[in-house]
Amino acid sequence: MKASLAAGVTSTTKLQVDRERTIDFMGEQARVYATPMLLRDIEFACRNMLLEHLDSGEDSVGTRVELDHIAATLLGMAVTLTVTIAEIKGRAVTLEIEGRDSVESICHGRHSRFVVDVKTTEARLAAKAKKAGLLA
C-alpha cells in the first residue's frame, strides 16, 4: 500500500443508468436503477479508487456493505458516486459512499474492503479448490 492511501482521500465516479442497470419487473414505465446494480457500481468505484493507492501485485476485495438506497433514479439519468476513505486499520479499509442523480441524493452507506496480495490469494483459493475437490 502506498503512503497516499489515507483517510479523507475522495474519488468521484460518474455513470449513466442504462437499461442493463434497471429493474424490469414493474414494466417499462418503472425502469429505475436496480439496487444490486447500484451496489455493483459502488464496489467498482471503491476498488478502482483504491487501486490508485496500492502497490503492484495488490488488489482489494469487498468484505461488508451497509447501503441505504433512498431514491429512484430513472433510466437514462446520470449518477455521481462519491467515495471517501473513512478509516484504515492495517489492510482493512472502510469507505463512505454517497450517490446522487441530477435531482437528489439516491444512496448513502459504508463499504469495507480488504487489501490483498494477488499471488497469495490465488494460492489460498487453489488450496481451497483442491480441498473442495474442484481441482485434480
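**Exercise 1. Find which residues Thr 73 touches, leaving out those up to four places away in sequence, and describe its setting.**

Solution. Begin with the contacts in this predicted model: beyond its sequence neighbours, Thr 73 touches Val 17, Arg 31, Val 32, Tyr 33, Val 79, Asp 101 and Ile 106. Next, place the residue along the chain, where Thr 73 belongs to the loop between β2 and β3. Then consider its accessibility: because the relative accessible area of Thr 73 is 0%, this residue is buried. Now look at one of the contacts in detail, for the side chains of Thr 73 and Asp 101 make a polar contact at 3.1 Å. Finally, take a residue elsewhere in the chain: Ala 126 is 53 residues away from Thr 73 in sequence, and the C-alpha atoms of the two are separated by 41 Å.

**Exercise 2. Decide whether Thr 22 is buried or exposed, and work out what its side chain reaches.**

Solution. First locate Thr 22, which is in the loop between β1 (10-16) and α1 (35-51). The relative accessibility is 10%, and since buried means under 20%, Thr 22 counts as buried. For the side chain, a polar atom of Thr 22 lies 2.8 Å from the backbone oxygen of Arg 19. When neighbours within four places in sequence are set aside, the residues in contact with Thr 22 are Val 17, Arg 31, Val 32, Tyr 33, Ala 34 and Leu 75.

**Exercise 3. Determine whether Ala 78 is buried, exposed or partly exposed, and list what it touches.**

Solution. Ala 78 is in strand β3, which covers residues 78-89. Its relative accessibility is 45%, so Ala 78 counts as partly exposed; the cut-offs behind this step are under 20% for buried and over 50% for exposed. Leaving out residues up to four places away in sequence, Ala 78 touches Leu 15, Gln 16, Arg 100, Asp 101 and Ser 102. As a last step, compare sequence with space: Ala 78 and Asp 18 are 60 residues apart along the sequence, while their C-alpha atoms are 9.3 Å apart.

**Exercise 4. Describe the surroundings of Glu 58, and state which backbone atom its side chain reaches.**

Solution. The residue is placed in strand β2, residues 58-69. With a relative accessibility of 12%, Glu 58 counts as buried. The side chain of Glu 58 reaches the backbone nitrogen of Asp 55, at a distance of 2.7 Å. Apart from residues up to four places away in sequence, Glu 58 touches Met 1, Leu 51, Arg 91, Val 115, Val 116 and Val 118.

**Exercise 5. Test whether the two helices, α1 and α2, have the span expected from their residues.**

Solution. Start with α1: at 1.5 Å a residue, its 17 residues should span 24 Å, and because its end C-alpha atoms are 24 Å apart, the two values agree. Repeat the step for α2 (residues 118-131), whose 14 residues should span 20 Å and whose end C-alpha atoms are 20 Å apart, which again agrees. Then examine the ends of α2. At its start, a side-chain oxygen of Asp 117 comes to within 3.3 Å of the backbone nitrogen of Lys 119; following α2 there is Gly 133, which has a positive phi near 80°.

**Exercise 6. Identify the buried residues of α1, and find which strands help to cover them.**

Solution. The buried residues of α1 are Met 37, Leu 38, Asp 41, Ile 42, Ala 45, Cys 46, Met 49 and Leu 50. Their cover includes β1, β2, β3, β4 (92-101) and β5. To see one strand residue from the other side, take Cys 107, which lies in strand β5, residues 105-117, and which counts as buried because its relative accessibility is 0%. Among the contacts of Cys 107, leaving aside neighbours within four places in sequence, are Leu 38, Ile 42, Leu 67 and Ile 97.

**Exercise 7. State how many helices and strands the protein chain has, and in which order they run.**

Solution. The count gives two helices and five strands, and from the N terminus on their order is β-α-β-β-β-β-α. For the chain as a whole, 35% of its 136 residues are buried. Lastly, turn to contacts between residues at least 6 apart in sequence: of these, 66% join residues at least 24 apart.

Definitions and conventions
Residues are numbered from 1 along each chain as its sequence is written. This is a predicted model: local features need pLDDT of at least 70, side-chain atom pairs count only at pLDDT 80 or more; totals for chains, interfaces and linings use all residues. Side-chain values use heavy atoms; hydrogens and water are left out. Helices (H or I, at least four residues) and strands (E, at least two) are DSSP runs, numbered from the N terminus. Buried means under 20% relative accessible area, exposed over 50%, partly exposed in between (1.4 Å probe, protein chains only). Contact means heavy atoms within 4.5 Å. A polar contact is a pair of N or O atoms within 3.5 Å; within protein, one must be able to donate a hydrogen and the other to accept it, and residues adjacent in sequence count only if both atoms are side-chain atoms. The expected span of a helix is 1.5 Å times one less than its number of residues.
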